[in-house]
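Q: I have a sequence and a set of coordinates in front of me, and I would like to learn how to read them step by step. Could we go through them together?

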Amino acid sequence: MRLERPSKGELGLSMTPLSKPRVLMIDDDPQDRSLASVVLSRRMPKAQIVEIDGAQAFARELRRSNFDLAITVMQLAWSDGFEVIESL
């Protein structure tokens with residue numbers, strides 16, 4: 001079985017590249033968060049990645065600016081991934 005990448009139209013998304021996308025990386029495990037940030041920065045070298053480790057940092061960054069992408073884990077010590085996504 002061969003998997004093929006869907007076309008832009010199939011995704012229903014605008015695929016216009018962003019000059020410098022802002023990414024919110026949310027994980028309370030420092031090693032996992034760091035690893036994910038390194039991998040993402042290699043795939044998206046122009047991205048500005050903001051790492052979040054707790055509820056206060058999350059609230060502060062939401063007040064401070066908008067993000068183009070948010071990546072979170074489902075289990076956090078202070079919340080769960082669904083609540084995080086809903087608050088975005």
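Q: Let me begin with a single residue of this predicted model: is D32 buried, partly exposed or exposed?

A: The class follows from the relative accessible area, where buried means under 20% and exposed means over 50%. D32 has a relative accessible area of 44%, so the residue is partly exposed. D32 belongs to helix α2, and its C-alpha atom is separated by 9.7 Å from that of V73, a residue 41 places away along the chain.

Q: Which residues does S37 touch, once residues up to four places away in sequence are not counted?

A: Setting aside such neighbours leaves the contacts that the fold brings about rather than the chain itself. S37, which also lies in helix α2, touches M25, I49 and E51. With a relative accessible area of 7%, S37 is buried.

Q: How many salt bridges are there, and which side chains meet in them?

A: The rule asks for a side-chain nitrogen of Lys or Arg within 4 Å of a carboxyl oxygen of Asp or Glu, and by this rule the count is two. In one of them the side chains of E51 and R33 meet, with 3.2 Å from N to O. Since E51 lies in strand β2 (residues 48-52) and R33 in helix α2 (residues 30-43), this pair ties together parts that are 18 residues apart in sequence. The two partners can also be described by their accessibility: E51 is partly exposed at 40%, whereas R33 is buried at 10%. In the other salt bridge E61 is paired with R64, and their closest N and O atoms are 3.1 Å apart. These two residues are three apart in helix α3 (residues 55-64), and so about one helical turn separates them. Here E61 is buried at 7% relative accessibility, while R64 is exposed at 55%.

Q: Which residues make up the largest nonpolar core, and which elements give two or more residues to it?

A: A core is read as a set of buried residues linked through their side chains, and it is useful to ask afterwards where in the fold its members come from. The largest one has eight residues, namely L24, I26, V50, I52, A57, F58, L76 and V84. The elements that contribute two or more of them are β1 (22-26), β2 and α3. V50 is one of these core residues, and, leaving aside neighbours within four places in sequence, V50 is in contact with R22, V23, L24, M25, E61 and F67.

Q: How many residues of β1 are buried, and which of them lie on each side?

A: In a regular strand the side chains alternate between the two faces of the sheet. In this model five of the five residues of β1 are buried, so the strand is largely enclosed by the rest of the structure. R22, L24 and I26 are on one side and V23 and M25 on the other, and both faces are covered. As for pairing, β1 runs parallel to β2 over five bridges, and R22 stands opposite Q48 in β2.

Q: Which residues form a nonpolar patch on the surface?

A: A nonpolar patch is the counterpart of a core, read from accessible side chains instead of buried ones. L62, I85 and L88 form such a patch, with about 250 Å² of accessible area together. L62 sits in helix α3 and is partly exposed, at 31% relative accessibility.

Q: Where does G54 lie, and is this residue buried or exposed?

A: G54 lies in the loop between β2 and α3, and at 13% relative accessibility this residue counts as buried. The C-alpha atoms of G54 and D29, which are 25 residues apart along the chain, are separated by 9.9 Å.

Q: In what order do the elements of the protein chain run, and what share of its residues is buried?

A: From the N terminus on, the order is α-β-α-β-α-β-α, which comes to four helices and three strands. Of the 88 residues in the protein chain, 24% are buried. The protein chain exposes about 6900 Å², and carbon and sulfur atoms supply 51% of that area. Finally, among contacts between residues at least 6 apart in sequence, 65% join residues at least 24 apart.

Conventions
Residues are numbered from 1 along each chain as its sequence is written. This is a predicted model: local features need pLDDT of at least 70, side-chain atom pairs count only at pLDDT 80 or more; totals for chains, interfaces and linings use all residues. Side-chain values use heavy atoms; hydrogens and water are left out. Buried means under 20% relative accessible area, exposed over 50%, partly exposed in between (1.4 Å probe, protein chains only). A nonpolar core is a set of buried Ala, Val, Leu, Ile, Met, Phe, Trp, Tyr and Cys residues joined through side-chain atoms within 4.5 Å. Contact means heavy atoms within 4.5 Å. Patches are made of residues with over 30% relative accessible area and no salt bridge: like charges are joined within 9 Å, nonpolar side chains (Val, Leu, Ile, Met, Phe, Trp, Tyr) within 5 Å. Accessible areas come from the Shrake-Rupley method with a 1.4 Å probe; for residues, only the protein chains shown count as cover. Two strands pair if DSSP finds at least two bridges between them.
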